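Colleague: Could you take me through this model, starting with how the chains meet?

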Protein chains: 2
Amino acid sequence: MKKHFGEASVKFENPPTIISAAAIVGPKEGEGPLSEHFDKVSADILFGKDTWEQAESELMRQTVALAVQKAGLAIEDVQYIFAGDLLNQNSGSIYGARSFERPFYGLFGACSAMGMGMNLGAKLIDGGFADYVVANASSHFCGAEKTFRFPLELGTQRAPTASWTVTGDGAVVLSSKGKGPRITAATTGSIVDLGMKDVNNMGAAMVPAAADVIAKHFRDLNLPTNHYDLIATGDLGLYGQTLLLQLLKQEGIDIAGRLTDCGMLIYDLEKQDVHAGGSGCGCSASVFASYFLKKLRNSEINKMLFVPTGALHSVVTIQQGETIPGIAHAVAIER
Amino acid sequence: MKKHFGEASVKFENPPTIISAAAIVGPKEGEGPLSEHFDKVSADILFGKDTWEQAESELMRQTVALAVQKAGLAIEDVQYIFAGDLLNQNSGSIYGARSFERPFYGLFGACSAMGMGMNLGAKLIDGGFADYVVANASSHFCGAEKTFRFPLELGTQRAPTASWTVTGDGAVVLSSKGKGPRITAATTGSIVDLGMKDVNNMGAAMVPAAADVIAKHFRDLNLPTNHYDLIATGDLGLYGQTLLLQLLKQEGIDIAGRLTDCGMLIYDLEKQDVHAGGSGCGCSASVFASYFLKKLRNSEINKMLFVPTGALHSVVTIQQGETIPGIAHAVAIER
């Protein structure tokens, strides 16, 4: 296992290139500060469909198709599609990918899905198994509320620590050749559960997993703490980010000033009434596939660590008194 | 992509070895014809826990721990765990794997999960990313009924074409070294949906995907139809198997006499009142990790194609009038 380092990390011998990407979002995300960076903002939260679940699948289908088209490829050129979402039995990804008729891996890592897909996709390319792989993650506010929280029609008041599930999708096309930023290394997350039970504060539930994978990444690869220009977590939100800096400091890793969070970037936290910020598989995926990828391409960022974070509970386990396990996957991208 | 062949297949350069495996099942499976082959039959369907979901997680935890122990390893020696199940948000796998604190990939492919885990695990080993990988899949009759069908307390009558979800788990340890049968090739399935809507006949819904992946496997790798001693599908059941032979014949592939199905082997279809046979992620996983692996080890089988099959619907999508997409992954194992 010559490409394995330390506890949970790999370095790629021929770092796969992100040759293309696409991000499509819903209306609320289109009113946020990153609006201009997305490929498309849909004014219709149903994406022309009849149900929220169908809407998410259509969003997924459109985004993958656009990413592949922007790469100058046909879908038949893609060897594998990795996709994950939050709906029961990955319905968003599965019904979205159905029409592509391509080899398909469904992933479940909650909001860490994009990190898992990019991690595994890069491994398949560097391992000699594929030339083109798509990694995708999606979420839909209404579908997620229905799956995890309350019927929207109830108008339930939200807790100040709660996050707002992004209606959005991000897809990247990874390749063994071509031009673009490269995935140079990846650290695979373990399930970490410190006993958090508050489903209205998922940022706090995911922080220990984020701290764990970031600390392992630096230790495994023996990197100085200033190696990355930027470290972007998935959706820890306003409260989670502060906790993460504290936990990492205890490990001797000080990344203050270099840390940001996709969930805090996608909305205007002052004006958009989203409380702790954005969340959902589509949050980190759409922000990475638009905003960050542009910055990597135009040299505003040269090296970044992308760390999508996921809260792995289900309604049933929480009702049974279980705690919220977290996971995070770290993907290093360099120009 | 030197290891890629045809449309969806890979051949491994250094075929990963299945160095160890474990299978644990519930009481009903212990009364079936494969009873003696399982490592453990639990008389308690709750596996000492309070709920069915916790029971499945405990079953998963025990089975993975046993497979790793039988390999003479500690859990810390394992670089990656792949696991999938049927519960919403993969709860069976996630709460089961939590205590291992190892790099974790959650998979969703419904009952095809074991095929996906062995496929990806073998790729990570052959790609130089790991020395030891665990692939696992679990299911629990009561948890699956609650998730997909009716409350058990209703005593709802079952359709003759319905299958019985196996309470069971199978885990394999794959390695870059060591002795045992080897994973020589794999074909990754695409989502195939011919419009079946009957959730009481999932065999029929999965058959097109099984036919698709088996046909691609033979074509991609240019194999004669008598290459394998045995082709074992996951859980097509009594009705699905006949359909599969017909579909493959139309493709010019005649595997009559070589085809079997894990769902038809695990129960006594005459005596155990399971209608079309067994199903669930744990069905093919537990049958492979016990019965078939023994046959591979003692030369009763020299070459087999293992084809776990999955029905990718959710309760919500079916209620919305959607059809049942199927998927199947083919893994070639040779002595």
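**The interface and a helix pair**

Modeller: The area buried between chain B and chain A (accessible area, 1.4 Å probe, that two parts lose on being put together, summed over both) is about 5200 Å², and carbon and sulfur atoms give 59% of that. In chain B, the most area to chain A is lost by B:Q89, B:F129 and B:I191, together 15% of what that side buries. This is a predicted model, where local features need pLDDT of at least 70 and side-chain atom pairs count only at pLDDT 80 or more, while totals for chains, interfaces and linings use all residues. Residues are numbered from 1 along each chain as its sequence is written, chains are lettered from A in the order in which they are written, and side-chain values use heavy atoms, with hydrogens and water left out.

Colleague: How many salt bridges does the rule find across the interface of chain B and chain A?

Modeller: The rule, a side-chain nitrogen of Lys or Arg within 4 Å of a carboxyl oxygen of Asp or Glu, finds 4 salt bridges there. B:E322 forms a salt bridge with A:R98, with the closest N and O atoms 3.1 Å apart.

Colleague: Switching topic, at what angle do α6 and α7 of chain A pack?

Modeller: Helix α6 (residues 202-220) and helix α7 (residues 237-250) of chain A, both DSSP runs (H or I, at least four residues) numbered from the N terminus, pack at about 35° with their axes 9 Å apart. Axes are lines fitted to C-alpha atoms over the stretch in contact, and angles run from 0 to 180 degrees between N-to-C directions.

Technical notes. Helices (H or I, at least four residues) and strands (E, at least two) are DSSP runs, numbered from the N terminus.
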